[in-house]
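User: I would like a close look at one part of this model, and then a connected account of how that part sits within the rest.

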Amino acid sequence: MPAITEDTTTVRVPEPIQPRDGFGPPPRPPEEDGGGEDPRPGWRPAFPVSRGRLVLWLVLTVVVMLFAGFSSAYIILRGAPAWQNVALPASLWANTFVLLASSVTMEWTRRRTVEGHTASAKKWMAATAALGAAFLGGQVLAWMELAGAGVYLASTLHSSFLYILTGMHGLHLAGGIAALAYVSAGVFRNRYSAAGHEPVTLCATYWHFMDGLWVYLFLLLMLA
Amino acid sequence: MTTHDEHAHPELGFWRKYIFSTDHKIIGIQYIITAMAMAVVGGVLSMLMRLQLGWPGTLWPSLENIFPTGFAGGVMEPGFYLSLVTMHGTIMVFFLFTAVLTGGFGNFLIPLQIGARDMAFPLLNALSYWTFLLSCITILGALFATGGPPLGGWTAYAPLSAVPAMGPGQGDGMTLWIVAIALFTASGLMGGLNYVTTLLTMRTKGMSMMRLPLTQWALFITAILGTLAFPVLLAAGILLTFDRIGGTSFFVPAGLFLADGTLIDHSGGHPLLWQHLFWFFGHPEVYIVLLPAMGIASDILSTFARKPIFSYKMMVYSMSAIAFLSFIVWGHHMFLSGMNPLLGSLFTLTTLLIAIPSAVKTFNWIGTILGARIQFTVPMLFALGFVSTFISGGLSGIFLGTSASDIAMHDTYFVVGHFHLVMAVAPLFAAFAGIYFWFPKMFGRMMNMTAGKVHFWISFVGVNCVFMTMHASGVAGHLRRIYDPTQYAFLEPVYGMNQFISISAFVLGAAQILFLVNFFASIWFGPKASVNPWNATTLEWTVPSPPGHGNFGPELPVVERWAFDYSVPGAKEDFVMQTEAPARVESS
């Protein structure tokens with residue numbers, strides 16, 4: 001009788017192969033492989049992305065396509081004979097710096113919330129809102145600077161785009177500030193924790209996106 | 001799950017239950033009925049157009065009483081005719097087809113067919129409908145604007161649309177048009193976000209993506225198309241608005257004179273830019289209308305052929321391919337805009353590529369009904385009518401998608417005949433098929449099927465008389481938007497054709513009254529419908545007709561199989577519900 005080196009009495013049962021359902025791996029208990037809204041205990045959605053995050057990215061897709069429309073108009077008209085560049089207001093540089101700084105503070109807010117340091121998160125949250133508002137105020141100052149130099153909406157194609165693109169971006173950022181205000185109410189009431197903080201992270205994603213969008217628009221207006 | 005369970009929802013009053021509802025079923029029905037009202041308006045406008053084209057210059061004193069400016073002196077005014085063209089196109093494309101197929105069937109069917117209790121965001125859904133209703137009211141308001149409705153066609157080409165002084169309807173009428181389309185876009189985007197989220201995250205246990213009915217796949221792809229295409233139209237509309245009220249010159253070139261000799265104070269813009277932006281939205285819009293129609297027709301064909309759909313996977317892949325290609329073909333609307341011939345060839349290539357997935361779908365539909373013992377119910381007749389008109393209209397599209405032949409055919413009735421068959425009649429037939437099919441689930445009663453058959457046969461013969469004849473008059477050179485063909489001597493041979501088209505159109509229009517009477521009378525007086533009157537397999541047929549609030553009983557259904565198990569060998573009946581477990585089928 002050969003020496004038994006391994007325990008052969010326990011039969012290795014292979015892991016049951018779970019049926020593929022929807023996209024991605026199935027990180028769910030085996031008895032529940034659907035995504036219904038049934039609030040039974042242990043229920044987890046089959047789709048790997050939360051509903052809030054999915055909607056946020058759909059909204060951002062809409063924003064991307066909106067500005068893709070504006071950008072293609074810009075690029076086509078850039079070749080028109082009547083195109084005349086106008087000097088960009090110097091305050092746009094300062095505004096860009098302010099917005100980039102607000103992205104940093106937003107990121108600190110998110111990280112402090114995720115770590116559960118609510119007191120610290122509150123400060124960064126307030127700083128982000130203040131910087132965002134400062135950016136919007138700065139954009140209005142840039143408009144006033146333009147108007148002071150005699151450059152109006154209808155002056156040239158470049159100035160038309162300058163006003164409309166900054167305005168459309170400002171509207172979207174104002175939406176971000178509104179979301180921030182809504183979320184900050186929760187932050188200041190200590191509603192979010194290291195475990196549950198999705199509104200804060202969604203807000204941060206939107207905010208960074210608006211920051212990136214502005215950098216893109218600024219480069220488009222400056223270089224093209 | 002057999003009992004009607006209300007899950008402790010308090011009974012709501014009439015207003016909360018049927019008017020200000022967040023229930024997806026009510027919202028879907030609201031969309032369908034609103035779109036039907038819009039269709040009546042759009043249809044009446046087309047009847048007036050046919051009156052003018054069949055008998056140009058005839059005195060209609062009775063119509064002068066109804067339209068004192070449009071029929072000043074009893075004869076239709078040319079400007080009034082152009083506004084009819086514009087409003088008919090706008091109302092039908094946006095407010096009928098897009099609304100009824102995605103808004104109507106999308107809302108009604110998505111939660112029911114995937115096994116969810118409602119949409120992911122019911123309140124957003126209700127907001128989407130009310131925004132849509134507001135846009136309907138706004139576009140109808142354009143009919144009564146100072147100076148009359150807009151004249152520039154449903155495509156609102158610049159610079160006609162960009163300068164309010166260009167024409168009587170280009171002032172307030174055009175402004176209302178832009179507002180209505182912007183509202184419609186917002187409504188469509190709200191719906192689209194909801195559809196994608198619901199379909200991805202709220203499918204019930206066992207309902208994998210590849211077990212979805214094809215209607216659901218179609219609505220999913222359509223929602224993605226809308227999310228990508230509508231914002232571009234919105235961007236174009238914003239720029240257009242600034243041209244009109246802000247003095248900018250995005251779409252207005254320099255040195256443009258008005259008819260009275262006034263020089264316009266704009267400079268430097270590009271009218272073709274509008275066409276690019278519009279058609280970048282406009283061609284996907286064709287498929288926003290057509291894809292749900294394809295999905296509905298696929299499911300209904302399979303149900304009444306009592307056979308599984310032929311090649312389910314290819315149906316899904318071909319719909320995805322059509323959706324992708326629809327974004328790179330917009331230039332075929334602009335072959336005559338002076339584009340580089342090489343670019344024209346590229347757009348021809350991408351356009352003709354769409355023929356491949358379209359043909360895959362068509363052969364799959366034919367494969368589905370081939371050798372089947374077809375049950376010729378009214379929904380099936382309309383689904384077959386969809387396939388028929390999709391083929392006839394699609395084939396003439398090949399000539400228009402090829403730049404060489406399109407240059408001859410452009411802006412003739414050949415185009416009018418083509419797009420009406422393929423993107424108006426085909427989706428309309430699919431919508432009719434869907435309404436006859438799901439009416440029992442919507443209202444708990446059956447529609448009258450004899451009236452339905454009469455409706456189908458008059459409609460089917462009628463649309464072919466109208467739109468196939470238009471292909472012929474187009475080849476003869478009949479121009480697309482002309483008000484009075486008798487002004488052109490070379491069109492004399494088609495005068496008779498025009499009268500034939502007009503008479504056919506009136507008969508066709510009258511047949512739709514039969515449908516409306518059938519629809520509304522059946523809501524109250526139709527015979528009661530059973531849970532599953534068509535012996536179909538999908539989840540909505542497992543619940544009472546109409547389903548209660550929350551759709552399903554205390555437990556959500558569990559899906560065991562795909563949606564096309566018809567005539568399964570060894571099964572007790574010729575259909576197996578999606579909820580039926582495999583063991584129960586074999587034991588029978």
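At what angle do the axes of helix α4 (residues 157-188) of chain A and helix α5 (residues 198-223) of chain A cross? Please go through the residues of that pairing with care, and then carry the description over to chain B.

Analyst: The model is a predicted one, and what follows should be read in that light. The axes of α4(A), residues 157-188, and α5(A), residues 198-223, cross at roughly 165 degrees and come within 10 Å. Since angles over 145 degrees count as roughly antiparallel, α4(A) is therefore roughly antiparallel to α5(A). The crossing of the two helices is left-handed.

On the side of α4(A), the residues that take part include Phe161(A), Leu162(A), Leu165(A), His169(A) and His172(A), together with Gly176(A) and Val187(A). On the side of α5(A), the partners include Pro199(A), Cys203(A), Tyr206(A), Trp207(A), Met210(A) and Trp214(A), with Leu221(A) also among them. Sorted by class, the contact of α4(A) with α5(A) holds 18 nonpolar and four polar residues, and no charged ones.

This pair belongs to a chain with five helices and zero strands, in which the order along the sequence reads α-α-α-α-α. Of the 224 residues in chain A, 33% are buried. Among the contacts of chain A with a separation of 6 or more, 72% are between residues 24 or more positions apart.

Chain A also meets chain B, where 34 residues of chain A are in contact with 39 residues of chain B. On the side of chain B that touches chain A, the elements giving two or more residues are α6 (172-201), α7 (214-245) and α8 (271-305), and the largest share, nine residues, comes from α7(B). By class, that side of chain B has 22 nonpolar, 14 polar and three charged residues.

One residue of α7(B) can be followed further, namely Phe230(B). Phe230(B) counts as buried because 26 C-beta neighbours lie inside 10 Å. Leaving aside neighbours within four places in sequence, Phe230(B) is in contact with Thr185(B), Gly188(B), Leu189(B) and Phe281(B). By contrast with these contacts, Arg481(B), which is 251 residues from Phe230(B) in sequence, is 26 Å away, C-alpha to C-alpha.

Chain B has helix pairings of its own that can be set beside the one in chain A. Helix α2 (residues 24-54) and helix α5 (residues 122-142) of chain B pack at an angle of about 10 degrees with their axes 10 Å apart, and α2(B) and α5(B) are therefore roughly parallel to each other. Their contact includes His24(B), Tyr31(B) and Met38(B) from α2(B), and Asn125(B), Tyr129(B) and Phe132(B) from α5(B). This contact has 11 nonpolar, four polar and no charged residues.

A further pairing in chain B joins α12 (residues 378-401) and α15 (residues 449-475), which pack at an angle of about 5 degrees with their axes 10 Å apart, so that α12(B) is roughly parallel to α15(B). Among the residues that meet there are Phe382(B), Gly385(B) and Thr389(B) in α12(B), and Lys453(B), Phe456(B) and Phe460(B) in α15(B). The contact of α12(B) with α15(B) divides into eight nonpolar, six polar and one charged residue.

Helix α14 of chain B, residues 413-443, bends by about 45 degrees at Phe437(B), and Pro440(B) follows within four residues. Of the 31 residues of α14(B), 29 are buried, which leaves the helix mostly covered. Just after α14(B), Gly444(B) takes a positive phi of about 75 degrees.

Some backbone details of chain B remain. Most residues other than glycine have a negative phi, and most peptide bonds are trans. Arg306(B), which is not a glycine, nevertheless has a positive phi of about 55 degrees, and Ser311(B), also not a glycine, has a positive phi of about 60 degrees. Arg306(B) is found in the loop between α8 and α9 (312-325) of chain B, and Ser311(B) has its place in the loop between α8 and α9. Arg306(B) is partly exposed, with 15 other C-beta atoms within 10 Å, and Ser311(B) is partly exposed with 16. The peptide bond from Ala158(B) to Pro159(B) is cis, with omega near 0 degrees, and Pro159(B) lies in the loop between α5 and α6 of chain B. Ser545(B) and Pro546(B) are likewise joined by a cis peptide bond, with omega about -10 degrees.

Conventions:
Residues are numbered from 1 along each chain as its sequence is written. Chains are lettered from A and ligands numbered from 1 in the order in which they are written. This is a predicted model: local features need pLDDT of at least 70, side-chain atom pairs count only at pLDDT 80 or more; totals for chains, interfaces and linings use all residues. Axes are lines fitted to C-alpha atoms, for helices over the stretch in contact, and angles run from 0 to 180 degrees between N-to-C directions. Angles under 35 degrees count as roughly parallel, over 145 as roughly antiparallel, 65 to 115 as roughly perpendicular and the rest as oblique. A crossing is left-handed if the near helix is turned anticlockwise from the far one by less than a right angle, and right-handed if clockwise. Two residues are in contact if their C-beta atoms, placed from the backbone, lie within 7 Å. Ala, Val, Leu, Ile, Met, Phe, Trp, Tyr, Cys and Pro count as nonpolar, Asp, Glu, Lys and Arg as charged, and the others, Gly among them, as polar. The bend at a residue is the angle between axes fitted to the seven residues ending there and the seven starting there. A residue is buried if 20 or more other C-beta atoms lie within 10 Å of its own, exposed if 12 or fewer, and partly exposed in between; C-beta atoms are placed from the backbone.
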